[in-house]
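Ready to practise reading a protein model? Work through the exercises below with the structure open beside you, and try each task before you read its solution.

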Amino acid sequence: MNKKRLVKIFLLTCLIIFGFFIFEFKSFATSYQITVNGQIPPTTNDYSISITSDQAGQTIPQGTLITYTVTYGGKNNNAFVTNTNIVVNYSDDSPDGGVTHVTDYVVGSATNAVNGTTPVIDPVNRTITWSIANFDPQLVNQIVQFQLITNSDYTTSNPVPINTTADLTNSYVTMPTATTTTTYLYNANVTPTPTYTPTPTSTPTLTPTPLPTATPTSAPGPTSVQPTATPVPATPTPTIITPTPTPVPSRKGILTVDVTNLQPTLTQLLIQTTQTDKLSVKYGTQLNNLVQSQTMQAHGQDVVTLQPLQPNTTYYIEITALDRNGKIINRDTFSVHTPSTANIPVISLSSLLLNADGISINKNIFNLTGADNNQTFILPTNNPYSIFFAFSYAKDLNLVEARIQPVGQINNGGNTVLAPTYTTRMYERSPNSYVASMASPLNPGLYDLAIKSMTSTGIITQQNVGSINVLQPLHVYDNDNITPLDDARVYIEFYDFTKHDYMPLQTLYPQIKNPLFTRSDGTVYFPFPAGQYRLIISAFGHEEKTIIFSIGINPQQRFPQVSLHQDYWNISYFFRFLKETTSDFLNTLSTEIFLIGSRQSYYFLLGIILIPLSLSFLAFFAKTHMTPRTLLHFLRRHGKKGLIYRLILQDEDNKPVSDAEIYLINSEDIVIFASKTNALGICYAQIPDFKNLSLRILKPGYEPIEEKLEHYEAQNQVLNITLSKKPQHQHTKLHLFMFLCKEAFGTLFEAFLLFSLLAEVLFAFQFGWLNTAPFLILSLLNIIFWVSYLQEKSSK
């Protein structure tokens with residue numbers, strides 16, 4: 001059998017076998033039904049999330065309550081039952097990149113989600129989280145609500161968008177972020193500025209431990225909080241009338257919760273409350289098992305310290321406000337995550353400096369005024385200032401803020417209004433040295449000055465470095481018609497605790513203008529350090545009063561309201577006014593020159609001295625008609641007897657002839673001496689031999705002289721020579737103009753000399769007498785030249 005036949009038989013056999021299997025599979029499929037079940041993972045089409053607010057798209061002022069509604073749920077019954085998180089983020093409401101926020105979370109306003117899920121508020125990152133276990137996707141259009149309220153921390157007239165977002169995530173999907181936007185715009189007319197009355201006796205210290213604290217921000221960025229406001233208007237009576245504050249919607253219980261300290265084993269919370277008797281705090285690492293607790297009396301502002309904690313651990317904290325009957329007012333659950341490392345920044349308190357109106361206040365100033373224990377800065381309302389300080393230790397710093405936190409609250413008819421907390425970002429001026437600029441609060445009262453910092457490792461610290469007492473300024477009134485006194489003189493003295501005596505304020509601040517003068521509304525604004533002061537207050541046609549008062553942290557330590565009796569016919573008042581005006585002029589001149597020196601470099605001030613000093617020398621030469629060469633002859637006139645001769649030139653009218661050229665020529669017609677006469681018509685010449693010398697005198701407009709000296713007879717070394725004028729001689733206009741300019745410049749000699757001396761004395765106080773000695777020597781030489789010239793003039 002050949003090979004082709006065998007191949008055909010093999011292929012046919014394979015075909016028969018394949019057909020048999022096809023027939024059997026078809027029969028099997030006909031006899032049995034096969035069902036395949038499969039589940040497709042859920043997608044974003046299977047869930048929904050949205051957020052709305054009752055103020056969406058509107059522009060709202062401070063004190064406005066915003067109610068948010070988050071709608072969520074499933075859209076497909078085939079979606080899986082899974083653990084689902086709903087996260088609301090309300091941090092995007094900052095005008096300065098993450099430091100100042102225009103809204104606050106209303107404690108207790110967040111409702112539970114399905115299955116009784118409790119909301120957890122993260123005050124650091126400004127989020128609210130609902131962690132729903134076993135969320136059933138068949139539940140649709142579920143809602144949770146919460147509220148924010150706009151505050152008064154940002155008072156600049158710029159709109160600020162309030163962007164609030166909601167996210168839904170689980171192990172399968174991350175839904176697109178839902179957003180709603182409202183615009184905040186500060187309105188000064190919405191609520192009259194309240195008078196803030198501090199209550200330090202009922203307010204505990206905000207830093208019970210020496211640990212610093214910081215302000216949480218989720219999106220740090222450039223910050224420049226510059227509160228602005230209309231200056232305080234004139235007050236018609238000596239009593240400062242302040243408007244009654246209109247409270248924001250009535251709130252009770254917990255108002256705000258701020259994380260002021262977050263370290264690996266410790267956290268501190270600043271809790272502000274109103275109409276609350278007690279606070280209950282429970283915390284632990286599991287949301288449904290808060291095993292540790294604290295209960296304390298509420299004082300309006302309380303710091304709660306939780307320790308010991310575990311590093312790198314999330315803690316849940318339930319805070320409850322209770323009234324006097326133990327009834328719950330409001331409560332909420334918060335969360336913090338402790339950092340894993342402990343590189344805690346430390347501030348050098350001795351480096352703190354506040355600068356306002358060019359006045360720097362530091363620890364050395366407090367030592368003199370006796371306020372070194374509390375470091376209280378006194379500022380008028382809405383006064384710009386800058387803060388400087390340095391860290392003695394700092395590592396991984398990510399954000400540094402300055403916070404002006406009110407001490408206590410404003411109570412108005414049972415309703416509590418929180419004074420704004422001013423926050424601004426600080427910028428690094430040099431390694432570990434920071435600076436920030438802001439304005440003092442609009443509300444008078446006592447404020448804590450705190451520095452908050454946050455590191456890249458999650459550490460938050462806050463340290464109180466001092467106090468700022470914001471006061472209404474000093475007011476001066478006319479006692480007769482009770483109107484503000486404009487331009488009243490206020491001379492300031494402070495009590496120096498190191499000398500136990502009152503000293504002029506210039507000893508603290510040489511650059512200030514003392515006295516100060518009241519504005520048109522009778523006020524005086526000045527950033528004082530805390531201490532005791534004596535003011536001498538007077539006005540033209542009014543009596544003079546001496547006032548002693550103290551300013552500090554106590555409510556009684558405020559600026560006085562002074563009224564002066566009017567009497568325009570008292571002659572002693574007039575002489576006092578003249579005396580004070582003269583004294584003030586000299587003080588102002590001294591202060592202005594000092595300010596030039598303090599603002600500019602040493603070399604700039606050198607120029608201020610060198611210019612009048614140089615001009616005084618030039619004016620001396622212009623006034624005396626001398627040159628440096630003739631000045632040398634002038635100084636050598638007291639040489640050996642018989643050698644130095646005094647040549648006096650005058651015209652036919654016996655008037656001195658100045659600037660005449662004098663030449664002595666020997667027998668070989670060589671000039672052996674040349675000079676010029678000064679403004680007195682005098683020059684000095686060394687004449688060794690009368691018989692062998694000739695005298696040549698040249699002067700435009702006069703007949704020249706060239707004769708043998710032996711024709712003149714010397715008497716006591718004096719030669720009197722008369723020059724004859726040329727007939728019809730006229731000077732050119734240019735020559736006449738130059739002559740007049742030279743004479744005018746010469747008349748300013750005394751003014752330049754006096755000004756250079758005054759500048760040198762002030763320079764000596766600024767940079768020391770040793771640095772000023774060369775200039776004083778030059779001025780002394782100039783004075784010697786001038787005195788010698790005056791002696792010459794009198795001897796003639």
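**Exercise 1.** In this predicted model, decide whether Asp 93 is buried or exposed, then find its salt-bridge partner and do the same for that residue.

*Solution.*
Step 1. Asp 93 has a relative accessible area of 0%. Buried means under 20%, so Asp 93 is buried.
Step 2. Look for the partner: the side chain of Asp 93 meets that of Arg 126 in a salt bridge, at 3.1 Å from N to O.
Step 3. Place both residues on the chain. Arg 126 sits in the loop between strand 6 (120-122) and strand 7 (127-135), while Asp 93 sits in the loop between strand 4 (82-92) and strand 5 (103-105). They are 33 residues apart, and the pair links distant parts of the chain.
Step 4. Arg 126 has 9% relative accessibility, so this residue counts as buried as well.

**Exercise 2.** Which residue forms a salt bridge with Asp 258, and which residues share a network with it?

*Solution.*
Step 1. The partner is Arg 403, with the closest N and O atoms 3.6 Å apart.
Step 2. Asp 258 belongs to strand 11 (residues 253-263) and Arg 403 to strand 22 (residues 397-406), so-called distant parts of the chain, 145 residues apart.
Step 3. Both Asp 258 and Arg 403 are buried.
Step 4. Salt bridges with shared partners join Asp 258, Arg 403 and Lys 452 into one network.

**Exercise 3.** Find the helices that the salt bridge between Glu 750 and Lys 623 links, and classify both residues by accessibility.

*Solution.*
Step 1. The two side chains meet at 3.8 Å, N to O. A salt bridge needs this distance to be within 4 Å, so the pair qualifies.
Step 2. Glu 750 lies in helix 7 (residues 749-767) and Lys 623 in helix 4 (residues 602-624), 127 residues apart.
Step 3. Glu 750, at 35% relative accessible area, is partly exposed. Lys 623, at 27%, is partly exposed too.
Step 4. For the wider picture, the structure holds seven salt bridges.

**Exercise 4.** How far does helix 8 reach from its first C-alpha to its last, and where is its kink centred?

*Solution.*
Step 1. Helix 8 (residues 769-795) has 27 residues, and at 1.5 Å a residue the expected reach is 39 Å.
Step 2. The model gives 37 Å, close to that expected value.
Step 3. A kink of about 30° is centred on Phe 775.
Step 4. Phe 775 is buried, and other buried residues of helix 8 include Ser 779, Asn 782, Phe 785 and Trp 786.

Note on methods: Residues numbered from 1 in each chain as written. Predicted model: local features only at pLDDT ≥ 70, side-chain atom pairs only at ≥ 80, totals over all residues. Heavy atoms only, no water. Helix = DSSP H or I, 4+ residues; strand = E, 2+ residues; numbered from the N terminus. Buried < 20%, exposed > 50% of the residue type's maximum accessible area, 1.4 Å probe, protein only. Expected span 1.5 Å × (residues − 1). Bend = angle between axes of the 7 residues up to and from the residue.
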